[in-house]
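Please look first at the sequence and the model below, and keep both at hand while reading. The paragraphs that follow move from a pair of strands to the loops beside them and then to the residues packed inside.

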Amino acid sequence: STSTDYVIGVGVAADGAIYGHIHSGPPSNAPACMARLTPEGQTDASFNGNGVRCNLYGGNSGNSIGGIAVRTDGAALGAGSVSSGKVAAVLANGQFDSGFGTSGLATSPAGTNAWRTSGIGIRPDGRILVTTWKPTSPFSIQLAQLMPNGSPDPSFGTDGLALFTPQGMNISTWMSNAVIYPDGRIIISWGRFNSAASELDH
């Protein structure tokens with residue numbers, strides 16, 4: 001199999017720098033990478049020396065990688081899966097954020113690799129919302145919320161995890177993304193052949 005790169009998510013920092021979340025390599029051996037471009041679209045060599053940081057989730061991530069979100073300090077958060085849902089925090093210089101999770105990598109309370117990581121968003125207070133979906137019966141969506149340091153948020157759902165089953169969700173459905181309103185409401189989009197959206201209280 002030949003190597004193919006897919007840009008799964010894109011985020012923009014306050015200074016205009018552009019982050020891309022990339023699924024790179026043959027399908028059976030696909031590390032997740034994060035790339036950073038200047039506002040002009042050129043490779044940002046100040047990011048890890050070559051503009052790219054790979055192996056974000058501690059190994060191959062052929063199961064799933066999802067969205068990307070950018071913190072106010074310019075660091076990027078990527079959502080992905082290996083054996084469980086992961087969130088990687090990478091600073092603007094391309095180094096992992098040592099103050100986030102364990103050496104820049106946090107495990108989402110969203111369960112095992114039966115759950116596919118999809119979207120990620122950051123609340124105004126810095127808490128992190130991660131969306132996952134399960135492609136096997138019973139078909140459901142999980143929302144996991146982390147504190148700014150990567151630990152589960154005990155005030156959200158049960159130990160940082162909430163289960164949501166939209167009406168009509170089936171094997172032809174995947175989780176897409178989530179948007180967080182300033183007042184805390186969550187809009188999630190989901191669908192495959194037909195798209196839908198649902199609104200949840202915070």
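Two strands are said to pair if DSSP finds at least two bridges between them. In this predicted model, β3 and β4 meet that condition, since they pair in the antiparallel sense over three bridges. To find this pairing in the picture, look for Cys-33, which stands opposite Cys-54 in β4. How many of the six residues of β3 are buried? Five of them are, and the strand is therefore described as mostly covered, where buried means under 20% relative accessible area. As background for looking at any strand of this kind, in a regular strand the side chains alternate between the two faces of the sheet.

The loop between β3 and β4 deserves a slow look, and Thr-38 is found in that loop. With a relative accessible area of 18%, Thr-38 is buried, because the limit for that word is under 20%. Leaving aside residues up to four places away in sequence, Thr-38 touches Gly-16, Ala-17, Ile-18, Thr-43 and Asp-44. Asp-44 lies in the loop between β3 and β4 too, and at 11% relative accessibility Asp-44 counts as buried. With the same residues up to four places away left out, the contacts of Asp-44 are Arg-36, Leu-37, Thr-38, Asn-50 and Gly-51.

Another residue of the loop between β3 and β4 is Asn-48, whose phi is near 60°, a positive value in a residue other than glycine. Asn-48 is partly exposed, with a relative accessible area of 27%. A positive phi is also found at Asn-55, where the value is near 50°, again in a residue other than glycine. Asn-55 lies in the loop between β4 and β5, and its relative accessibility of 46% makes it partly exposed.

Which kind of aromatic pair do Tyr-19 and Phe-47 form? The structure holds one aromatic pair, and the rings of Tyr-19 and Phe-47 have their centres 5.9 Å apart and their planes at 75°, so the pair is edge-to-face, a term used when the planes are over 60 degrees apart. Tyr-19 lies in strand β2, whereas Phe-47 belongs to the loop between β3 and β4, so the pair ties together parts that are 28 residues apart in sequence. Both Tyr-19 and Phe-47 are buried.

The buried interior can now be followed further. In soluble globular proteins, nonpolar side chains tend to be buried together. Here the largest nonpolar core has 13 residues, of which Tyr-19, Met-34, Leu-56 and Tyr-57 touch the most other members. Two or more residues of this core come from each of the elements β3, β5 and β7. Not counting residues up to four places away in sequence, Met-34 has contacts that include Tyr-19, Phe-47, Leu-56, Ile-68, Leu-77 and Val-90. A second core, separate from the one just described, has twelve residues, among them Ala-69, Val-87, Ala-89 and Val-130.

One last arrangement to locate in the picture involves a charge and a ring: the charged end of Arg-185 sits over the ring of Tyr-181, 4.3 Å from its centre.

Methods. Residues are numbered from 1 along each chain as its sequence is written. This is a predicted model: local features need pLDDT of at least 70, side-chain atom pairs count only at pLDDT 80 or more; totals for chains, interfaces and linings use all residues. Side-chain values use heavy atoms; hydrogens and water are left out. Rings of Phe, Tyr and Trp (its six-membered ring) pair if their centres lie within 6.5 Å; planes under 30 degrees apart count as stacked, over 60 as edge-to-face and the rest as tilted. Helices (H or I, at least four residues) and strands (E, at least two) are DSSP runs, numbered from the N terminus. Buried means under 20% relative accessible area, exposed over 50%, partly exposed in between (1.4 Å probe, protein chains only). A charge sits over a ring if NZ of Lys or CZ of Arg is within 6 Å of the ring centre and within 35 degrees of the ring normal. A nonpolar core is a set of buried Ala, Val, Leu, Ile, Met, Phe, Trp, Tyr and Cys residues joined through side-chain atoms within 4.5 Å. Contact means heavy atoms within 4.5 Å.
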